[in-house]
Protein chains: 2
Amino acid sequence: MSRNSRNRLGEFELIAQLFAPLATSRAALGLRDDVALLRAPNGRELVLTTDAIVEAVHFLPNDPPRSVAQKALRANLSDLAAKGADPIGYLMAIAIPSRVSTRWLNAFCAGLRADQKTYAISLLGGDTTRIAGPLTVAITMIGSVPRKKALRREGARPGDLVFVSGTIGDAGCGLELLKTKRRGPQFLIKRFRVPQPRLTLGRALRGLATSSIDVSDGLLADLGHIAEVSGVRIAMRADEVPLSSGVREIWGHGRLAVIRAATAGDDYEVAFTCRPESARKVREAALWAKTRITEIGVVERGKGVELLDARGKAIRTGRRGYTHF
Amino acid sequence: MSRNSRNRLGEFELIAQLFAPLATSRAALGLRDDVALLRAPNGRELVLTTDAIVEAVHFLPNDPPRSVAQKALRANLSDLAAKGADPIGYLMAIAIPSRVSTRWLNAFCAGLRADQKTYAISLLGGDTTRIAGPLTVAITMIGSVPRKKALRREGARPGDLVFVSGTIGDAGCGLELLKTKRRGPQFLIKRFRVPQPRLTLGRALRGLATSSIDVSDGLLADLGHIAEVSGVRIAMRADEVPLSSGVREIWGHGRLAVIRAATAGDDYEVAFTCRPESARKVREAALWAKTRITEIGVVERGKGVELLDARGKAIRTGRRGYTHF
């Protein structure tokens, strides 16, 4: 790796020294061409998703470069997880302000490299440009899924049970700690910076979940997407929303903590529905995937999402979710 | 379309009102999901490429929104053209500063819509985020090509002839007119704002061209990529570089005009090589594609690219190309 300052590292050197070694798949043509050439594995279809992360919107200027890279990849991997897809690789368009050093970019690429290994993916193509503004990383992630087996947002039916993986609100709580410089469990900050896409769970839910979504805009907002696209109502029990001990420590044990958690962003958990008769198999699948899941509600006729108290009364929540817009 | 100010149009409204109508392919799932589902047509492989355009780097703040959209798509379509690929659709991650109005975005989407029709492509997926900085549009374009028929940068062999489509330097000259506010042929400005990807020509060159690249960084720099990846030297005749009457009007008839043209960016023409015995078929293919091509040099043993004068002497050119970095 070069020790030149970034100003002396032009676009082609950047690509050759930093990015080309990440193009481990044959499809990437070693980044020596403009394009990637790809065939879908037999009997499968490709799943494509794009998500950009922007400095000061999705990550903080002082976040470690390694975790910025991981968050960029994992936000996209989480979309694949919610579809039950297996990742293949990604294309990256990165806009780099001149103040970013080669050292920073090296650490960023180390984060990409680590996650490429973790998730068995390859850089397939890229574009590097300068920007007089915030660092911006746009990733297009490509995966595959057996034909007609992709989990979708539509498909939830009245009577279905609603589940969510992991715990909710950790990342939002971690972001608050970072912004207010308040002390708190490091676990929460890690959850904001390095999401854990639930790929193994998603894969295990193929043929079991009736609908599925990754929770990135807030649990209430994302269940709202399922409700809207499926044409149903979702009733969620506030007491069942899984909160970590860290969130309890910072946001307390009251109802407000649940509302804050269910409207915070960046969870990158999977929320899904299934027929009641599939519940046992779903729980087995989660055990197999070593991923905690919690039953949090039911699907009903109607529309929208409601957060209910212990007596079944609707709780007013104000805003629905966290918007990156 | 809404006449609300952009500030009142949230992310979901933007997607529903402006972007969802652009998702005309079934694969896009109506943008009602996070992902696109895609199968490669029978006997074909997919070609993927990504290119971002950033305000003040690739387009000017006052450029018409319609042409900004077209440039974002066409820069990517040009990559497909150089591979001989047929476009299918695209994913778009757009980062929008708050000063951008809904009116601007409407016109931007009208540009996308027009080009979707021209090139028979669909929006397949997207991501919308805000940015405290320049408007940034990252496109991942997907096409397909018959298996093993993609044109590549590697493959040029000593003895091959070198061709380029269209005329060179128009866009760079147009950018200069815009920046210096000098009067000149509007054609040059149009060439900067709305490239013409040579898709029909690229398709016709399948099986004929031994190597191919789209000219976006400057003719000399891009032929340099072919030379490097193919392990050959390219000797280009300065007098043969095709310059438009507009470029002659602004940059004159001397050698400097050729150097400026061959090192300017944003041409989005196709440069390619072929065996001498294929030259007749190549010229027929170009006629069929209604695209002007010019023979500009030969491939030799060695490395690098050389611009030669009428006596075969190398011309010093200084910089090699235009870098967006």
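This briefing covers the pairing of two chains and the cavities found in the structure. The model is a predicted one, and chain A can be laid on chain B with an RMSD of 0.0 Å by a turn of 180 degrees and a shift of 0.0 Å along the axis. The two copies are thus related as by a two-fold rotation axis. A search of the whole structure finds two cavities of 30 Å³ or more, and residues of both chains appear in the lining of the largest cavity as well as in that of the second largest cavity.

**Symmetry and interface**

- Among the residues of chain A, A:Gly133 comes closest to the rotation axis, with its C-alpha at 2.4 Å.
- The same surface serves both copies, in that 100% of the contact residues of chain A recur in chain B.
- In the interface, 62 residues of chain A are in contact with 62 residues of chain B, and the area buried between chain A and chain B is about 5,300 Å², of which carbon and sulfur atoms give 59%.
- Two salt bridges are found across the interface of chain A and chain B, and a salt bridge joins the side chains of A:Arg39 and B:Glu45 at 3.2 Å, taken from N to O.

**The largest cavity**

- The volume of the largest cavity is about 40 Å³.
- From chain A, the lining of the largest cavity includes A:Ala52, A:Thr136 and A:Ala138, while from chain B it includes B:Ala93, B:Ile94, B:Ala95, B:Thr129, B:Thr136 and B:Ala138.
- At least two residues of this lining are supplied by each of strand S5 (136-146) of chain A, strand S3 (86-96) of chain B and strand S5 (136-146) of chain B, and S3(B) gives the most, with three residues.
- By class, the lining of the largest cavity divides into six nonpolar residues and three polar ones, with no charged residue.

**The second largest cavity**

- The second largest cavity holds about 30 Å³ of space.
- Its lining takes A:Thr50, A:Ala93, A:Ala138, A:Ile139 and A:Thr140 from chain A, together with B:Thr50, B:Ala93, B:Ala138, B:Ile139 and B:Thr140 from chain B.
- The elements that give two or more residues to the lining of the second largest cavity are S5 of chain A and S5 of chain B.
- Six nonpolar and four polar residues make up the lining of the second largest cavity, and no charged residue takes part.

Conventions: Residues numbered from 1 in each chain as written. Chains lettered and ligands numbered in written order. Predicted model: local features only at pLDDT ≥ 70, side-chain atom pairs only at ≥ 80, totals over all residues. Heavy atoms only, no water. 1 Å grid on protein atoms, 1.4 Å probe; cavity = no way out; pocket = protein on both sides within 12 Å on 5 of 7 lines; lining within 4 Å. Points joined across faces, edges and corners; volume = space filled by probe spheres on them. Helix = DSSP H or I, 4+ residues; strand = E, 2+ residues; numbered from the N terminus. Nonpolar A, V, L, I, M, F, W, Y, C, P; charged D, E, K, R; others polar. Least-squares fit on C-alpha atoms with pLDDT ≥ 70 in both. Contact = heavy atoms within 4.5 Å. Buried area = accessible area lost by both parts, 1.4 Å probe. Salt bridge = Lys/Arg side-chain N within 4 Å of Asp/Glu carboxyl O.
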